[in-house]
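Please examine the sequence and the structure shown below. The paragraphs that follow lead through the fold step by step, beginning at a single loop residue and moving outward.

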Amino acid sequence: NSGGNGAQYAGNGDILGLLLLSNQQLRTRQKLSNANTTTTTTTTSSSRTTTSAAPTHPDLSKKYKYLGCYKDTYERDFKGRPAAHGKVEFGGRHQGYDVQMCGDACKSRGYKYFALQAYRTEAKSHCFCGNSYGNGAQHVKVADSDCGSKTQCIVGPCGLSMRNAVYENI
């Protein structure tokens, strides 16, 4: 059914279950949905409809602390892995992680620290886990800029080739 003002009615035959959404409200919801920067939650009651925006990401700084950028070698500084097996889509490597995914995976396996390395936009980062870092003379701290942009992974850099962006689960 539609009224003379261009509004659309949908209901189950019960007048209290009648929902009225004007064309303008439908267009606004579609624009918010297409913007892909905001999650929209719509709450409907018998007398009104309200829309509120949710944050685009959780406050990661409450869960993870960036500790610095460290050199890595093929004799890895971080010996632990976030899962028993790597991801098939990355050839079995432990790749495709962001800060939250890596931090949560390492924490669930009993590790206090984690590192992201070799960040690429399309594949995210490699994830490594450990209970210590900076082990050995070859795994020394370097400039943070060696690990990429300081906000690349929201709370810090995502790491680059043979550079561990080291984080602590808090």
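**From a helix end into the sheet**

Immediately after helix α2, G110 adopts a positive phi of about 90 degrees. This glycine belongs to the loop between α2 and β7. G110 counts as exposed because its relative accessibility is 53%. Although G110 and N131 are 21 residues apart along the chain, their C-alpha atoms are separated by 8.5 Å.

The model discussed here is predicted, and confidence in it varies along the chain. The average pLDDT is 74, and 66% of the residues score at least 70. The mean is lowest, at 33, in strand β2 (residues 19-21), and highest, at 97, in strand β9 (residues 141-142). Over residues 1-56 the pLDDT is below 50, and this stretch has 51 contacts in the model beyond near neighbours in sequence. Where pLDDT is low, the predicted coordinates should not be read in detail.

As for the overall layout, the chain contains two helices and ten strands. Followed along the sequence, these elements give the pattern β-β-α-β-β-β-β-α-β-β-β-β. Of the 170 residues in the chain, 31% are buried. Among contacts between residues at least 6 apart in sequence, 59% join residues at least 24 apart.

Six of the strands form an open sheet with antiparallel pairing, in the order β6-β8-β7-β10-β5-β9. Strands β6 and β9 stand at the edges; each has a single partner strand, so one side of each is left without a neighbour in the sheet. In general, the strands of a sheet pair through backbone hydrogen bonds, either parallel or antiparallel.

Strand β7 offers a convenient route through this sheet. With strand β8 (residues 124-130), β7 (residues 113-120) pairs in the antiparallel sense over six bridges. A hairpin of three residues connects β7 to β8. Within this pairing, R120 stands opposite K124 in β8, and Q117 stands opposite H126 in β8. Strand β7 also pairs with strand β10 (residues 163-169), again in the antiparallel sense, here over four bridges. In that pairing, A115 has V166 of β10 as its bridge partner.

How is helix α2 placed against these strands? The helix lies across β5, β6, β7, β8 and β10, and runs at about 145 degrees to β7. At the N-terminal end of α2, D98 acts as a cap, with a side-chain oxygen 3.2 Å from the backbone nitrogen of Q100.

Which residues of α2 (residues 99-108) are buried? They are V99, C102, G103, A105 and C106. Because these residues cover an arc of only 165 degrees around the axis, they fall on the same side of α2. An α-helix has 3.6 residues a turn, so residues three or four places apart point the same way. The cover over the buried residues of α2 includes β5 (64-71), β6 (95-97), β7, β8 and β10.

A further buried position is found within the sheet. N164 is located in strand β10, and N164 counts as buried because its relative accessibility is 0%. What does the side chain of N164 meet? A polar contact of 2.6 Å links the side chains of N164 and Q117. Q117 is thus a useful point of reference, since this residue also stands opposite H126 in β8. Leaving aside residues up to four places away in sequence, N164 touches a set of residues that includes G68, C69, Y70, A115, L116, F128 and C147.

Two residues deserve attention for their backbone geometry. Most residues other than glycine have a negative phi, and most peptide bonds are trans. A118, a residue other than glycine, has a positive phi near 60 degrees. This alanine lies in strand β7 and is partly exposed, with a relative accessible area of 22%. I154, likewise not a glycine, has a positive phi near 70 degrees. I154 is placed in the loop between β9 and β10, and its relative accessible area of 43% makes this residue partly exposed.

Key:
Residues numbered from 1 in each chain as written. Predicted model: local features only at pLDDT ≥ 70, side-chain atom pairs only at ≥ 80, totals over all residues. Heavy atoms only, no water. Pairing = 2+ DSSP bridges. Buried < 20%, exposed > 50% of the residue type's maximum accessible area, 1.4 Å probe, protein only. Arc of directions from axis to C-beta. Contact = heavy atoms within 4.5 Å. Polar contact = N/O pair within 3.5 Å; in protein donor to acceptor, adjacent residues only side chain to side chain. pLDDT = per-residue confidence, 0-100. Axes fitted to C-alpha atoms, helices over the stretch in contact; angles between N-to-C directions.
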